[in-house]
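User: I would like to learn how to read a protein model. Can you take me through it step by step?

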Amino acid sequence: MERMAENGEIGTIIVKDLSRFGREQVEMGRLTQVVYPSLGIRFIAIQEKVDTLTGDGVEMMPFHNIFNEWYAAQTSKKIRAVWQSKADNGKRISSSVPFGYRKDSNDKEKWLIDEPAAEVVRKIYALCLAGRGPSQIARQLEKEKILVPSAYYESVGRSHAQKVPANPYCWDQKTVVGILENRQYTGCAVNFKTTTVSYKVHKTIYKPAEEHQIIPNMQEPIISEEQWLRVQELRKHRRRPTATGRTSLFSGLAYCPDCGAKLHFCAAKSLKRNQEFWRCSNYKSGRGTCQIHYIRDVVLERIVFEAISGLADFVKCHETVFLYMLAKKTNAMRQKEHKKLQQTVEQGTRRIAEIDRLIEKVFEQNASGILSDERFSKMLQSYEKDDAGGFRQSKDLAGSEAEGYGFKAAAPYPA
């Protein structure tokens with residue numbers, strides 16, 4: 001309609017009421033007071049009796065738009081309040097079910113393991129633990145003719161909003177990564193992973209992991225917590241072999257000095273050992289966000305060797321000075337670690353207070369009949385396990401470790 005209006009194909013726009021046309025008062029004012037009059041378009045709102053040709057109701061139109069926007073703002077606040085209330089009561093706020101689970105037909109809040117899909121999830125994690133990267137896993141799944149999630153849902157008659165690819169076995173690398181990073185496979189629920197800028201701007205913002213709400217024991221796990229944590233650690237420090245199978249001593253340890261991205265080790269059968277080199281992963285043959293940074297692997301080895309040799313010579317010639325510098329640096333590291341432990345204690349204290357508040361709330365809801373005895377028992381066990389097994393223990397551990405970081409004169413050698 002906007003294109004037709006700009007092309008002069010529309011002479012009059014009629015709406016039932018202003019709220020049907022829009023709820024953003026700035027944009028509404030721009031269209032009805034600037035754009036349409038300049039294009040010679042007549043605007044009519046039946047409910048509010050607005051007619052820009054005769055001037056009826058025009059002076060009240062901004063106030064109608066403000067109230068329409070206010071209604072949208074209040075609706076957004078109410079929806080967010082409902083989400084927060086569900087999260088406070090130990091419920092998940094997302095309605096989407098990850099690949100490997102399905103909703104219970106008798107209880108939409110309950111997830112059951114979809115065994116054929118769960119077996120694929122277990123296979124993906126096993127391949128990652130065996131050292132395979134997402135692209136390698138995707139190629140192997142395609143080679144073994146394993147259906148992608150959307151094609152699998154189609155084959156079992158399950159409704160979904162995903163598009164089925166032409167090749168139903170063509171796994172995308174991003175799909176594999178999404179499965180490997182999804183913590184809900186450990187049996188927990190993860191709330192507040194994303195948010196939006198506002199009710200006006202619907203751009204998705206991914207929140208840091210520290211702000212996620214983790215509710216344990218929400219469904220039967222497909223993989224263990226230890227497996228998931230191990231996979232995250234491997235992916236954080238992964239070392240990818242080149243096509244030749246050769247790797248460098250510094251694989252996964254070299255970073256770009258400009259953008260901070262990892263440097264990629266480049267080797268090929270046509271390159272000799274002294275020709276293998278490193279380049280920035282954000283360079284992408286001139287199409288990325290960083291410039292080319294080039295250094296041969298043998299040069300990097302020589303630089304590191306010379307630095308280690310220089311340090312060894314310094315220690316031999318100036319042992320006393322070195323011990324003093326080492327003790328000074330160790331003391332600074334202890335202070336930094338002590339500060340970090342203090343923050344851990346403070347976070348644990350806040351979490352303990354939050355859990356105590358939630359336990360008190362579920363007691364009240366159970367006593368008033370809002371919460372069933374079965375759900376109350378499950379939530380209470382979950383909170384007590386979270387409290388006793390996690391945060392109180394981490395707080396005590398942090399406190400005991402902090403006591404060991406006394407800031408006395410440092411010893412000649414670090415403890």
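Analyst: We start with a term. Helices are DSSP runs of at least four residues, numbered from the N terminus. Keep in mind that this model is predicted.

User: How far apart in helix H5 are Glu119 and Arg122?

Analyst: They are three residues apart in H5, so about one helical turn separates them.

User: What do the side chains of Glu119 and Arg122 form?

Analyst: First the general idea. Side chains of opposite charge can pair when their charged atoms come close. Now the case here. Glu119 and Arg122 meet in a salt bridge, at 3.1 Å from N to O. Glu119 is partly exposed, at 46% relative accessibility. Arg122 is partly exposed as well, at 26%.

User: What end-to-end span should H5 have?

Analyst: Use 1.5 Å a residue. H5 has 15 residues, 115-129, so it should span 21 Å. Its end C-alpha atoms are 21 Å apart, which agrees.

User: Which residues of H5 are buried?

Analyst: Buried means under 20% relative accessible area. In H5 the buried residues are Ala117, Ala118, Val120, Val121, Ile124, Tyr125, Leu127 and Cys128.

User: What do the buried residues of H5 pack against?

Analyst: They pack against one strand, E5 (111-113), and against helices H6 (134-143), H7 (149-155), H8 (173-181) and H9 (225-236).

User: Which residue follows H5 with a positive phi?

Analyst: That is Gly131, with phi near 105°.

User: Which residues have a positive phi although they are not glycine?

Analyst: Lys145 is one of them, with phi of about 55°. Asn217 is another, also at about 55°.

User: Where do Lys145 and Asn217 lie?

Analyst: Look in the loops. Lys145 lies between H6 and H7. Asn217 lies between strand E9 (213-215) and H9. Lys145 is exposed, with a relative accessible area of 57%. Asn217 is partly exposed, at 39%.

User: Back to charge pairs. How many salt bridges does the count come to?

Analyst: The count comes to 15 salt bridges. One of them joins the side chains of Glu69 and Lys200, at 2.8 Å from N to O. This pair links distant parts of the chain, 131 residues apart. Glu69 is in helix H4, while Lys200 is in the loop between strand E7 (194-196) and strand E8 (204-206).

User: Are Glu69 and Lys200 buried or exposed?

Analyst: Take them in turn. Glu69 is buried, with a relative accessible area of 10%. Lys200 is partly exposed, at 40%.

User: Which residues are linked in a network of salt bridges?

Analyst: Arg273, Glu276, Asp297 and Glu301 are linked in such a network. Within it, the side chains of Glu276 and Arg273 meet at 3.3 Å, N to O. Glu276 counts as buried, because its relative accessibility is 2%. Arg273 is partly exposed, at 40%.

User: Now the surface. Which residues make a nonpolar surface patch?

Analyst: Met60, Phe63, Phe67, Trp70 and Tyr71 make a patch of about 620 Å². Pick out Phe63 as an example. Phe63 is found in helix H4, residues 61-88. Phe63 counts as partly exposed, because its relative accessibility is 47%.

User: Where have we met H4 before?

Analyst: In the long-range pair: Glu69 is in helix H4 too.

Definitions and conventions: Residues numbered from 1 in each chain as written. Predicted model: local features only at pLDDT ≥ 70, side-chain atom pairs only at ≥ 80, totals over all residues. Heavy atoms only, no water. Helix = DSSP H or I, 4+ residues; strand = E, 2+ residues; numbered from the N terminus. Expected span 1.5 Å × (residues − 1). Buried < 20%, exposed > 50% of the residue type's maximum accessible area, 1.4 Å probe, protein only. Contact = heavy atoms within 4.5 Å. Patch = residues over 30% accessible without salt bridge, like charges linked within 9 Å, V, L, I, M, F, W, Y side chains within 5 Å. Areas by Shrake-Rupley, 256 points an atom, 1.4 Å probe, with all protein chains shown as cover. Salt bridge = Lys/Arg side-chain N within 4 Å of Asp/Glu carboxyl O.
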